[in-house]
Amino acid sequence: MKKLLLTAYGFSTDKIKRAALGLLNIEHSSKACIISTSRPKEKEKHPQMQQIRNDLLEFRLDQVDFLDVEFENANKLYDYDLIFLNGGYPFYLLHFLKKSGADYILKDISRTGVPVFGLSAGSIVMGPSIEYLQYLYPEDNQFNDTDLTGLNLTSTTIFPHFKEMLTRDADIDKKLTSYENTTGIKITRLNNDQALSCHCKNKVLIS
């Protein structure tokens with residue numbers, strides 16, 4: 001029974017916070033783990049990492065730890081009641097999730113009902129593939145990975161920060177549409193105040 005929350009910008013609205021709480025079981029002692037690998041330099045020191053930790057503690061979780069699967073044993077993920085994949089660099093994150101074996105572990109624990117939440121890059125890698133990012137930003141693939149298969153926790157491919165990215169690249173929607181038309185893959189655009197909740201077979205856009 002999968003419990004997934006794909007966000008563009010974390011717990012940015014009260015609706016998203018309520019959706020997150022609805023996926024959690026906090027009637028007992030609960031521990032959360034934030035995977036910090038997506039920020040190759042700052043790791044857990046990045047302000048976004050600290051903000052998410054504070055947000056999770058406000059949910060009355062008893063313990064919130066950081067885990068960097070680039071350097072730490074990914075099997076530690078089995079010790080937690082909630083996994084949060086933080087934002088940063090999708091290619092970098094996916095590379096080390098696979099290298100560490102965390103990809104298989106996340107699939108395994110997700111099937112048992114452990115909630116897995118994502119923010120931006122963390123949400124992207126939860127989908128079937130990040131191939132569309134190779135099309136948009138090939139320069140970001142610093143390891144030149146050819147296997148860009150995602151975790152496949154959800155069949156939905158998302159593009160976060162859509163409205164914000166339009167201010168940086170006025171043609172981004174045209175590029176996404178061109179990719180969709182070429183591949184037949186639908187890309188769900190998420191703004192910073194939106195999230196996608198996936199519980200069992202139900203998917204709900206929170207806006």
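1. In this predicted model, glutamine 48 makes contacts with Arg39, Asn86, Gly87 and Leu119, once residues up to four places away in sequence are set aside. The residue belongs to helix α2, which spans residues 47–58. With a relative accessible area of 18%, glutamine 48 counts as buried, because the cut-off for that class is under 20%.

2. Turning to the sheet, seven strands are arranged in the order β3-β2-β4-β5-β1-β8-β9, and the sheet is open, with mixed pairing. Its edges are formed by β3 (63–67) and β9 (202–206), each of which pairs on one side only. Between neighbouring strands of this sheet the turn is 15 degrees on average, with direction ignored.

3. At the β9 edge, strand β8 (residues 195–199) runs antiparallel to β9 and is joined to it by five bridges. Within this pair, leucine 196 has leucine 205 of β9 as its bridge partner, while cysteine 198 stands opposite lysine 203, also in β9.

4. The connection between these strands merits a look in the model: β8 and β9 make a hairpin with two residues between them, and in the turn cysteine 200 has a positive phi of about 60 degrees.

5. As for the packing of helices on the sheet, helix α4 (residues 102–111) lies across four strands, namely β1 (3–7), β2 (31–35), β4 (82–85) and β5 (116–119). Relative to β4, helix α4 runs at about 135 degrees.

Technical notes: Residues are numbered from 1 along each chain as its sequence is written. This is a predicted model: local features need pLDDT of at least 70, side-chain atom pairs count only at pLDDT 80 or more; totals for chains, interfaces and linings use all residues. Side-chain values use heavy atoms; hydrogens and water are left out. Two strands pair if DSSP finds at least two bridges between them. Axes are lines fitted to C-alpha atoms, for helices over the stretch in contact, and angles run from 0 to 180 degrees between N-to-C directions. Contact means heavy atoms within 4.5 Å. Buried means under 20% relative accessible area, exposed over 50%, partly exposed in between (1.4 Å probe, protein chains only).
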